[in-house]
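This short report looks at how charged side chains pair with one another in one protein chain. Please keep the sequence and the structure in view while reading.

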Amino acid sequence: MNQDLVSYYSDRAKEYEKVYLNPAEQGDLQSAEKIFQDLFANKTVLEIACDTGYWTERIAKTATSILATDINESVIEIAGKRKTEKITFAVADMFDLKSTEKFDGVFGGFIWSHILRQDLNKFLEKVKSFLKPNGTIVFIDGKAVAGTNHDLKNITKTDEHGNTFQTRKLENGTSHLVLKNFPTKEFLFQKLSKIADDINIINLEYYWIVSCKLNKKYEQNESKS
C-alpha cells in the first residue's frame with residue numbers, strides 16, 4: 001500500500017472517528033449500519049482496513065464473528081478497546097494477508113477509494129481467495145459531494161492512470177498527499193463483475209455501498225480443481 005497513505009492513517013488514528021460526528025451524515029450512517037447488519041447476519045466476516053473499529057463493532061451485533069485487520073498498529077490499538085468474544089483484531093497488510101480460514105463475507109469500509117486503479121484487479125482476486133462459496137462482499141465509501149472534504153474541487157493531483165489525490169492536513173500539523181478515487185457506478189460494475197454476481201449499488205447522500213456474491217463460475221472452477 002502507498003506509504004504516505006499508511007503514514008497518514010497512522011498519524012490520523014486519534015482523530016479518525018471525528019469523521020462520524022458530522023450531523024448531516026447521521027442518517028447515512030444509520031442506514032449503512034442497518035444494511036450491514038442485515039447483509040452479515042449470522043455470518044463469519046473478514047474486515048479489511050478496519051481502522052479504529054467503528055464498523056467492526058456495529059457489524060458484530062448480528063455477525064457470528066469478525067476478524068478485523070488493518071496495516072496500522074496505531075489504529076488497531078484503539079480498535080482493540082472494542083474487542084469482544086465475537087471480534088478479533090490483527091495487524092495485517094490486506095495485500096499480504098494470509099489466512100487458511102474461509103469466510104462467509106468480506107467487508108471493506110472506505111478502502112476502495114484508497115486503492116490504485118491499476119491494483120484493483122489484484123485486490124479483488126485477494127478478496128475472492130478468502131471467501132466460501134456464495135460468499136458476500138460489501139464495500140462502503142464516500143461520494144464526491146460539493147461543499148464537503150470530498151468535493152472534486154479538493155483534488156490536487158491526477159496521475160496517468162486516472163487516480164486522484166487530495167492534500168490533507170491533520171491536527172498534528174502534518175500534511176499528506178492522499179489517494180482518493182471516486183468510482184462511477186459503471187466502473188464498480190466493470191471491476192466487480194470479474195469475480196461477483198448479484199451486484200447491488202446503493203447510493204446514499206454522502207456514501208455509496210456495493211454488495212455482491214462470489215461469482216458462481218469461480219465456485220465451479222474451484223470445485224473442479
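## A network of charged side chains

In this predicted model, Glu57 is partly exposed, since its relative accessible area of 31% falls between the 20% that bounds buried residues and the 50% above which a residue counts as exposed. Glu57 forms a salt bridge with Arg58, and the closest N and O atoms of this pair are 3.6 Å apart. Arg58, at 18% relative accessibility, counts as buried, because buried means under 20%.

Side chains of opposite charge can pair when their charged atoms come close. The table sets out three such salt bridges.

| Acidic residue | Basic residue | N to O distance |
|---|---|---|
| Glu57 | Arg58 | 3.6 Å |
| Glu33 | Arg58 | 3.8 Å |
| Glu33 | Lys61 | 3.6 Å |

The salt bridge between Glu33 and Arg58 links distant parts of the chain, for Glu33 lies in helix α2 (residues 26-39) and Arg58 in helix α3 (residues 54-59), 25 residues apart. Both Glu33 and Arg58 are buried.

Glu33 also meets Lys61 in a salt bridge, and this pair too links distant parts of the chain, with Lys61 placed in the loop between α3 and β2 (65-70), 28 residues from Glu33. Is Lys61 buried or exposed? Lys61 is exposed, because its relative accessible area of 57% is over 50%.

Taken together, Glu33, Glu57, Arg58, Lys61 and Arg82 are linked in a network of salt bridges, and the count of salt bridges in the model comes to eight.

Key. Residues numbered from 1 in each chain as written. Predicted model: local features only at pLDDT ≥ 70, side-chain atom pairs only at ≥ 80, totals over all residues. Heavy atoms only, no water. Salt bridge = Lys/Arg side-chain N within 4 Å of Asp/Glu carboxyl O. Helix = DSSP H or I, 4+ residues; strand = E, 2+ residues; numbered from the N terminus. Buried < 20%, exposed > 50% of the residue type's maximum accessible area, 1.4 Å probe, protein only.
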